[in-house]
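Hi everyone, thanks for coming. Please take a moment to look at the sequence and the structure on the screen, and then we'll walk through it together.

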Amino acid sequence: RAKQRGRDTYHCFDPDLDQALQVRQERRRRFAQAIDGDELRLHYQPQVDMASGEVVGVEALVRWQHPQEGLLAPGQFLPDIAGTSLEVDLGEWVLSQALCQLQAWREAGITLPVSVNISPAHLLQEAFPERLAVLLEGNPQVPARLLNLEVLETAAMHDVDTAMAVIRRCQTLGVHVAIDDFGTGFSSLTYLRQLPVDLIKIDKSFVRDMLTDPGDMAIIESIIYMANRFDRAMLAEGVESLEHARALFRVGCTLAQGFGIARPMPATHVPKWLDEWPLRQEWADLQRPIDGSHLV
Ligand code: C2E
Ligand code: MG
Ligand code: MG
Ligand code: MG
C-alpha cells in the first residue's frame, strides 16, 4: 500500500500530516458535491466611475451556501482546491452562471458588464479560449464585450508567454481582460508593458492605508502614472470611504469598487441598487471641483 502512494510514502510515518491530507481530501470531495449540488452562489459588487457617476460593471464573487456552515466566503474554501482540477470546474460554473445572469439582466433591460475571476490553473489551460468561445456561443444574446475576465497578476507572471497568448485569444473573442491585485506581484513594471490587458485593478492593500501611509500613496501614484503611460484604464479596489474616493480622484483614478460604494450583493438586489445609486448625494458631490474653490 505504501508503494502505491509513491512519493507520498513518507506520510505513513507522520500521522498528523496524513490526517491533514485526509481532511483536505474530504473538503475537496465536499466542494465537488457543492458544485454539482447547486450550493454555490454569485454575489455582485458594483464598479463605478466617480467622474461621471456611471456604473461601469459588477464583479461576480463566488460564495458557498453551505447547508450546515452558512454562507462561506472564497477565502474559506478556495485554498483547499488551489492547484486542483476543481478550480477549473469552479471556473466553468462561474462563467456559465455569469453569462446566464448577463442574459437575464438584458432581458430585464439592464445592460451591465460582468467581471469574473479566473484562476491561474484555468486561464493557463491551452484550451481555455476555445472553451470560452463555446460558452459564449451558448448565450448568443450576450455580447462578448459585456464579459470581463479578471486575471491575477501573479498568475500572469507564472507563465508569461502562455498568459499573453491566452489573453490575446480571449480578446479576439471580444471579451475584456483585467489584471487583478495589481502591485502585489513584484514584477509589475515589466509585465504591464507586455501583457495586453484592458484594465488594471489596483490592489486593495495599497488603497486601505493610502490616507495614512505615504509609501502606499506613492505606490498608487506610481501605478497610475504607469497605467497612463501604457494607455491602460485603472480601477481602485477596496474603496471603503469617501475620503479614499476623494484622494483617488485627486491623483487621477476615477474608477472605483469597494464597501464604501456597495458590498457584494445577490443578483436580485442589483436592479434596486442601480436605481438608488444616482440618489446618493455624497458620491454625486465628488464630481464637483475638489480644489476647494467652490467653497469660497
Ligand atoms: P478579488 O478578486 O480581489 O475581489 C475583491 C475582494 O475584496 C472580494 O472579497 C470583495 O468582497 C472584497 N472587497 C471589496 N470591497 C472591499 C473593501 O472596500 N474593503 C475590503 N476589505 N474588501 C473589499 P471576496 O469576495 O471574499 O473574494 C476574495 C478573493 O477570492 C477575490 O479577490 C478573488 O481573488 C477570489 N474569488 C472570488 N470569487 C472568485 C471566483 O468566482 N473564482 C475565483 N477563481 N476566485 C474568486
Ligand atoms: Mg477580482
Ligand atoms: Mg483584487
Ligand atoms: Mg484579492
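Let's begin with E59, which is buried, with a relative accessible area of 5%. Before going on, please keep in mind that this is a predicted model.

Which atoms hold the magnesium ion called ligand 2? Its protein donors come from E59 (OE), N117 (OD1), E150 (OE) and D180 (OD), and they lie 2.0 to 2.2 Å from the ion. If you follow these donor residues along the chain, the spacing reads E-x57-N-x32-E-x29-D. Find E59 in strand β2, residues 55–66, and N117 in strand β4, residues 114–118; the pair therefore ties together parts that are 58 residues apart in sequence. We said that E59 is buried, and N117, at 29% relative accessibility, counts as partly exposed.

Now let's move to the other magnesium ion, ligand 3. How far apart are ligand 2 and ligand 3? The two magnesium ions are 4.2 Å apart, and D180 coordinates both. Please mark D180 on your screen, as we will meet this residue again with ligand 1.

Ligand 3 is coordinated by D180 (OD), by D181 (OD) and twice by E237 (OE), at 2.0 to 2.4 Å. Along the chain, the donors of ligand 3 follow the spacing D-D-x55-E. D181 sits in strand β6, residues 176–182, while E237 sits in the loop between β8 (233–236) and α11 (242–251), so this pair ties together parts that are 56 residues apart in sequence.

Are these two residues buried or exposed? D181 is partly exposed, with a relative accessible area of 22%. Burial here means under 20%, and E237, with a relative accessible area of 8%, is buried.

D181 deserves another look for its backbone. This residue of strand β6 has a positive phi of about 55 degrees although it is not a glycine. You can find a positive phi in D38 as well, near 65 degrees, and D38 is also a residue other than glycine. D38 belongs to the loop between α1 (15–36) and β1 (40–49), and it is exposed, with a relative accessible area of 54%.

Next comes ligand 1. How many residues surround it? There are 21, and the closest are R63, N117, D180, E240 and F259. You will recognise N117 and D180 as donors of the magnesium ion called ligand 2.

Let's zoom in on some polar atoms. An oxygen atom of ligand 1 is 2.8 Å from an N or O atom in the side chain of D180. D181 joins in too: one of its polar side-chain atoms lies 3.1 Å from an oxygen atom of ligand 1. From the backbone, a polar atom of V62 is 3.2 Å from a nitrogen atom of ligand 1. On its own, ligand 1 has 800 Å² of accessible area, and the protein covers 82% of that.

Now for the inside of the protein. In soluble globular proteins, nonpolar side chains tend to be buried together. Here, the largest nonpolar core has 88 residues, and V116 and L149 have the most contacts inside it. Which helix gives the most to this core? That is helix α3, residues 86–107, with nine residues.

Let's click on L149. Leaving out residues up to four places away in sequence, L149 touches L95, V116, I118, F128, L132, C170, V175, H176, V177 and A178. Notice V116 in that list, which shares the top spot for contacts in the core with L149.

Let's stay with helix α3 for a moment and pick out Q97, which lies in it. At 31% relative accessibility, Q97 counts as partly exposed. Beyond its neighbours within four places in sequence, Q97 is in contact with L42 and Y44. From Q97 to L40 is 57 residues in sequence, and their C-alpha atoms are 9.9 Å apart in space.

One last stop is P113, in the loop between α3 and β4. What does P113 touch, not counting residues up to four places away in sequence? Its contacts are V56, G57, V58, L146 and N148. Take L146 from that list: P113 and L146 are 33 residues apart along the chain, yet their C-alpha atoms are separated by 4.2 Å.

Thanks for listening, everyone!

Key. Residues are numbered from 1 along each chain as its sequence is written. Chains are lettered from A and ligands numbered from 1 in the order in which they are written. This is a predicted model: local features need pLDDT of at least 70, side-chain atom pairs count only at pLDDT 80 or more; totals for chains, interfaces and linings use all residues. Side-chain values use heavy atoms; hydrogens and water are left out. A nonpolar core is a set of buried Ala, Val, Leu, Ile, Met, Phe, Trp, Tyr and Cys residues joined through side-chain atoms within 4.5 Å. Buried means under 20% relative accessible area, exposed over 50%, partly exposed in between (1.4 Å probe, protein chains only). Helices (H or I, at least four residues) and strands (E, at least two) are DSSP runs, numbered from the N terminus. Contact means heavy atoms within 4.5 Å. Donors are N, O and S atoms within 2.8 Å of the metal (3.2 Å for Na, K and Ca); water is not among the atoms, so sites may look incomplete. A residue is near a molecule or strand if one of its heavy atoms lies within 4 Å of it. A polar contact is a pair of N or O atoms within 3.5 Å; within protein, one must be able to donate a hydrogen and the other to accept it, and residues adjacent in sequence count only if both atoms are side-chain atoms. Accessible areas come from the Shrake-Rupley method with a 1.4 Å probe; for residues, only the protein chains shown count as cover.
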